[in-house]
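Q: Could you show me how to read the packing and the ligand site of a model such as this one?

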Amino acid sequence: MQDDDKRLAAEAAVAEIRDGMRVGIGTGTTVAFAIAAIGRRRREWPSATFFSTSQDTTKITRAAGVPIARFADQAELDLAIDGVDEIDPQLRAIKGGGGAMLREKIIASAARRMVAIADGTKRVPALGRAPVPVEILPFARAFVAARTSALGASPALRMTETETAYRTDQGNLILDCRFDAIADPGKLAVALQAIPGALGHGLFLTEIDAAYIAQDGIVTKMER
Ligand code: 5RP
């Protein structure tokens, strides 16, 4: 059921792709449904170019028969499609459950239009149910943890299933910062960004232009 909703939201977003577009592809299980749809429909857009936010996405997109181009040469994209860990009514989100939020935010910011896709479980009245992931330089681990604690977080180093520290595609660490409540997400985003050694965080407050959210088989489109 939840997977059906993920698929419906993903397919609604893929319907926004037009030939010739430069499209950024996010990361995660919802995005995997978008990639499958792109793979099925790719011949409709012979001149579209696709860019990836993670090694995982690059792998499954190429496996679906869709080439991935190098983002480093791009200053701007037309569209980005990505999942969220939670999203509020103002289209502000927490991302990074898949650890790719640093590249995801770059792609989302580069895109003239960023579309979020989610099943209904991701809706929240206010941000803060999920921890805010912060990508950190390993050198600065304890320092950044202390600075996030001073902001009211309970930071936890993200671990893998084999109990080793999780590494991002850039080789960095992630602190999952749980807050009792996020009274002012804008203020928190600025404070997190200002910590030396914190390379990026999962608060997406302005990037998302629209969202397709599916619940019980019905897709709702929200525009900023
Ligand atoms: C990865 C992300 C994902 O988009 C987010 O975690 C949602 O993933 P899923 O669709 O698997 O629930 O931000 O960094």
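**Packing inside the protein**

A: In this predicted model, V14 is a good place to begin: leaving aside residues up to four places away in sequence, V14 touches A34, A37, I38, R41, W45 and I81.

Q: Which residues of the largest nonpolar core touch the most other members?

A: A nonpolar core is a set of buried nonpolar residues joined through side-chain atoms within 4.5 Å. Here the largest has 26 residues, and those touching the most other members are V14, I17, I38, F50, I81 and I117. At least two residues of this core come from each of α1 (2-14), β1 (22-25), α2, β3, β6 (111-119) and β12 (210-215). Another core, of 23 residues, lies apart from it and includes V134, A140, V144 and C177.

Q: How many residues surround the ligand, and which are the closest?

A: A residue is counted in the shell if one of its heavy atoms lies within 4 Å of the ligand. The shell has 17 residues, with T29, T30, D85, G96 and K122 the closest; by class, three are nonpolar, nine polar and five charged. The elements α2 (29-41), β3 (77-83) and α4 (101-110) each contribute at least two residues to the shell.

Q: Which polar atoms lie beside oxygen atoms of the ligand?

A: A polar contact is a pair of N or O atoms within 3.5 Å. A polar side-chain atom of T29 is 2.5 Å from a ligand oxygen, while polar backbone atoms of G96 and G83 lie 2.7 Å and 3.3 Å, respectively, from an oxygen atom of the ligand. Of the 380 Å² that the ligand exposes when taken alone, the protein buries 92%.

Methods. Residues numbered from 1 in each chain as written. Predicted model: local features only at pLDDT ≥ 70, side-chain atom pairs only at ≥ 80, totals over all residues. Heavy atoms only, no water. Polar contact = N/O pair within 3.5 Å; in protein donor to acceptor, adjacent residues only side chain to side chain. Areas by Shrake-Rupley, 256 points an atom, 1.4 Å probe, with all protein chains shown as cover. Helix = DSSP H or I, 4+ residues; strand = E, 2+ residues; numbered from the N terminus. Nonpolar A, V, L, I, M, F, W, Y, C, P; charged D, E, K, R; others polar. Buried < 20%, exposed > 50% of the residue type's maximum accessible area, 1.4 Å probe, protein only. Contact = heavy atoms within 4.5 Å.
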